[in-house]
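Work through the exercises below with the sequence and the model at hand. Each task is followed by a solution in steps.

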Amino acid sequence: RFLDQTASIRRPMHMDMLIEYTRCLRQRNRLLFMIREGVAARPLLDPFDEKLCALAGDLTKRRKEVLDGLKGKFEEYFSFIDGCEEPEILDGEIAFSAEEFYEKRSSDIKRAMTQYGPHRGDFTLKIGGKDGRHFASQGKKRVAAISLRLAQAALIKEFKDIRPLLLLDDITSEIDPGRRGRLLKLIEEMGCQTVVTTTSAALLEEGFSGEIRAIRIQNGRIM
């Protein structure tokens with residue numbers, strides 16, 4: 001989803017392509033079920049597979065472009081905020097093979113589902129060679145999530161030649177003072193207008209040297 005969201009900002013047609021892929025995928029899965037139950041013929045898959053392969057190739061290409069653009073920025077921002085010497089790695093299986101897709105046709109019929117394609121793709125944060133979703137601390141996960149958003153903002157700036165509005169929710173939670181100070185410094189250096197929510201305005205005021213407008217909300221009302 002994150003890669004598709006970013007890709008659609010660069011090329012709005014990407015989202016239309018994704019919607020069409022999802023529609024075609026659902027139709028194919030229904031047909032797979034019918035073939036398995038013996039109420040439809042296997043050759044009926046041919047037009048669906050041809051269209052699905054074409055869409056999958058285009059979607060994969062756009063996602064890979066985005067991932068390649070995010071990779072260096074994410075690793076730079078994560079390393080700076082976290083204060084680590086070795087950058088964490090943003091990695092993913094962003095590839096599509098029509099040959100592999102067709103090889104799974106018999107298995108797809110048995111399972112009545114499409115097992116291979118962009119809908120099964122993902123990217124991961126590797127920390128020490130391990131999947132960060134399962135092995136990273138809460139603090140590192142928080143830094144990773146924020147670094148990814150900052151990398152997205154920087155990439156959008158390259159795409160559109162604009163400084164996007166940054167929306168960051170409760171950036172002071174689960175982040176120690178050292179990381180928080182480096183994060184605020186990085187946000188300020190990026191020069192984007194930023195909306196931040198926090199339970200401690202004082203922590204932000206200590207980290208920012210620029211202009212800050214604070215809005216206090218209490219019991220659902222703006223004070």
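**Before starting**

At 27% relative accessibility, Glu65 counts as partly exposed, where buried means under 20% relative accessible area, exposed over 50%, and partly exposed in between (1.4 Å probe, protein chains only). This is a predicted model, in which local features need pLDDT of at least 70, side-chain atom pairs count only at pLDDT 80 or more, and totals for chains, interfaces and linings use all residues. Residues are numbered from 1 along each chain as its sequence is written, and side-chain values use heavy atoms, with hydrogens and water left out.

**Exercise 1. Find the salt bridges of Glu65.**

Step 1. Apply the criterion: a side-chain nitrogen of Lys or Arg within 4 Å of a carboxyl oxygen of Asp or Glu.

Step 2. Glu65 forms a salt bridge with Arg11, with 2.9 Å between the closest N and O atoms. This pair links distant parts of the chain, since Glu65 is in helix H3 and Arg11 in the loop between H1 and H2, 54 residues apart. Helices (H or I, at least four residues) and strands (E, at least two) are DSSP runs, numbered from the N terminus.

Step 3. Arg10 also bridges to Glu65, the closest N and O atoms being 3.7 Å apart. Arg10 lies in helix H1 and Glu65 in helix H3, so this pair ties together parts that are 55 residues apart in sequence.

Step 4. Check the two partners: Arg10 is partly exposed at 35% relative accessible area, and Arg11 is partly exposed at 30%.

**Exercise 2. Check the length of helix H2 and list what it buries.**

Step 1. H2 covers residues 13-36, which is 24 residues. The expected span is 1.5 Å times one less than the number of residues.

Step 2. That gives 34 Å, and the end C-alpha atoms are 35 Å apart, which agrees.

Step 3. The buried residues of H2 include His14, Met17, Leu18, Tyr21, Cys24, Leu25 and Arg28. An α-helix has 3.6 residues a turn, so residues three or four places apart point the same way.

Step 4. The buried residues of H2 pack against H1, H3, helix H4 (98-103) and helix H5 (105-111), a contact being heavy atoms within 4.5 Å.

Step 5. Just after H2, Gly38 takes a positive phi of about 80°.

**Exercise 3. Describe the largest nonpolar core.**

Step 1. A nonpolar core is a set of buried Ala, Val, Leu, Ile, Met, Phe, Trp, Tyr and Cys residues joined through side-chain atoms within 4.5 Å.

Step 2. The largest one has 33 residues, and Leu3, Leu150 and Leu183 have the most contacts inside it. Elements giving two or more residues to this core include helix H1 (2-10), helix H3 (45-82) and helix H7 (138-160). H7 gives the most, with 9 residues.

Step 3. Beyond its neighbours within four places in sequence, Leu150 is in contact with residues including Tyr77, Leu166, Leu183 and Met190.

Step 4. Apart from this core lies another, of 12 residues, among them Leu55, Leu59, Phe101 and Tyr116.

**Exercise 4. How many disulfides does the structure hold?**

Step 1. A disulfide is a pair of cysteine sulfur atoms within 2.5 Å.

Step 2. The sulfur of Cys53 is 9.5 Å from the closest cysteine sulfur, in Cys24, which is too far for a bond. Cys53 counts as buried at 13% relative accessibility.

Step 3. The structure holds 0 disulfides.
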